[in-house]
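Student: I've got a protein model open and I don't know where to start. Can you walk me through reading it?

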Amino acid sequence: MKDFFEGDSTRWEDFYHRDRVEANMYWARTRAGVRLIDRFVPSKGRVLEIGSGPGHLSHALIERDYDVISCDIALRMAELTRMRTKSDSVVVADSRSLPFRSASFDAIILIGVISYVSNPTSVLEEIRALLK
């Protein structure tokens with residue numbers, strides 16, 4: 001999985017801006033993610049985005065004044081997130097073993113990640129431990 005996303009990161013950036021079904025679905029999921037966080041997370045709440053990719057969702061949440069930590073398994077994707085968000089709170093890590101203390105996030109969001117993970121249960125257990 002890491003190698004798949006670590007490859008040509010500009011290819012992924014271009015993918016999100018093409019006028020096609022997949023790109024439209026990506027942007028719809030991003031908007032839905034923002035709406036979910038707005039609805040269930042207190043203002044200035046601490047949010048972890050797992051699988052931040054190029055950082056569109058993290059950027060939108062930061063603009064709405066959430067305390068966002070972005071995480072991706074691929075260094076190049078994390079670099080895209082860092083450039084887009086202008087944030088130092090970007091981490092390269094595997095979603096099955098995240099480098100955070102238990103009960104440290106108000107919300108954790110991951111869009112389009114579970115389908116790439118060989119053991120989704122391990123990711124969900126990790127998320128459960130990190131939520132307040």
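Tutor: Sure. Start with the building blocks: helices and strands are DSSP runs, numbered from the N terminus. Keep in mind that this is a predicted model. Here the protein chain, read along its sequence, goes α-α-α-β-α-β-α-β-β-α.

Student: How many helices and strands does the protein chain have?

Tutor: The count is six helices and four strands.

Student: What share of the residues in the protein chain is buried?

Tutor: To answer that you need a cut-off: buried means under 20% relative accessible area, exposed means over 50%, and partly exposed is in between. By that rule, 44% of the 132 residues are buried. The accessible surface of the chain comes to about 7,400 Å², and carbon and sulfur atoms hold 51% of it.

Student: And how do I read contacts along the chain?

Tutor: Look at how far apart the partners sit in the sequence. Among contacts with a separation of 6 or more, 58% are between residues 24 or more positions apart. For one pair that is far apart in sequence, take Ala-32 and Ile-111: they are 79 residues apart along the chain, and their C-alpha atoms are separated by 9.9 Å. Ala-32 itself is in helix α3, residues 21–40.

Student: Is Ala-32 buried, exposed or partly exposed?

Tutor: Its relative accessible area is 26%, so Ala-32 counts as partly exposed.

Student: Now helix pairs. How do the axes of α4 and α5 cross?

Tutor: With helix pairs, check the distance between the axes and then the angle. The axes of α4 (residues 56–63) and α5 come within 9 Å and cross at roughly 30°. Angles under 35 degrees count as roughly parallel, so α4 is roughly parallel to α5. Their crossing is right-handed.

Student: Which residues in α4 and α5 meet?

Tutor: A general idea helps first: an α-helix has 3.6 residues a turn, so residues three or four places apart point the same way. In this pair, His-56, Ser-58, His-59 and Ile-62 from α4 meet Thr-81, Arg-84 and Thr-85 from α5. On the burial side, the list for α4 includes His-56, Leu-57, Ser-58 and Leu-61.

Student: What about the sign of phi?

Tutor: Most residues other than glycine have a negative phi. Two cases to look at here are Asp-65 and Lys-44. Asp-65 has a positive phi, near 75°, and comes after α4, in the loop between α4 and β2 (67–72). Lys-44 has a positive phi too, near 65°, and lies in the loop between α3 and β1 (46–50).

Student: Why do Lys-44 and Asp-65 get their labels, exposed for Lys-44 and partly exposed for Asp-65?

Tutor: Go back to the cut-offs. Lys-44 has a relative accessible area of 54%, so it is exposed. Asp-65 is at 41%, so it counts as partly exposed.

Student: Let's finish with one residue. Where is Ser-87?

Tutor: Find the elements on either side of it. Ser-87 is in the loop between α5 (75–85) and β3 (90–92). A loop residue can still be checked for burial: the relative accessible area of Ser-87 is 12%, so Ser-87 is buried.

Student: What does Ser-87 touch?

Tutor: Leaving out residues up to four places away in sequence, Ser-87 touches Ile-62 and Arg-82. In addition, a polar atom of the Ser-87 side chain lies 2.9 Å from the backbone nitrogen of Ser-89.

Notes:
Residues numbered from 1 in each chain as written. Predicted model: local features only at pLDDT ≥ 70, side-chain atom pairs only at ≥ 80, totals over all residues. Heavy atoms only, no water. Helix = DSSP H or I, 4+ residues; strand = E, 2+ residues; numbered from the N terminus. Buried < 20%, exposed > 50% of the residue type's maximum accessible area, 1.4 Å probe, protein only. Polar contact = N/O pair within 3.5 Å; in protein donor to acceptor, adjacent residues only side chain to side chain. Contact = heavy atoms within 4.5 Å. Areas by Shrake-Rupley, 256 points an atom, 1.4 Å probe, with all protein chains shown as cover. Axes fitted to C-alpha atoms, helices over the stretch in contact; angles between N-to-C directions. Parallel < 35°, antiparallel > 145°, perpendicular 65-115°, else oblique. Left-handed = near helix turned anticlockwise from the far one by under 90°.
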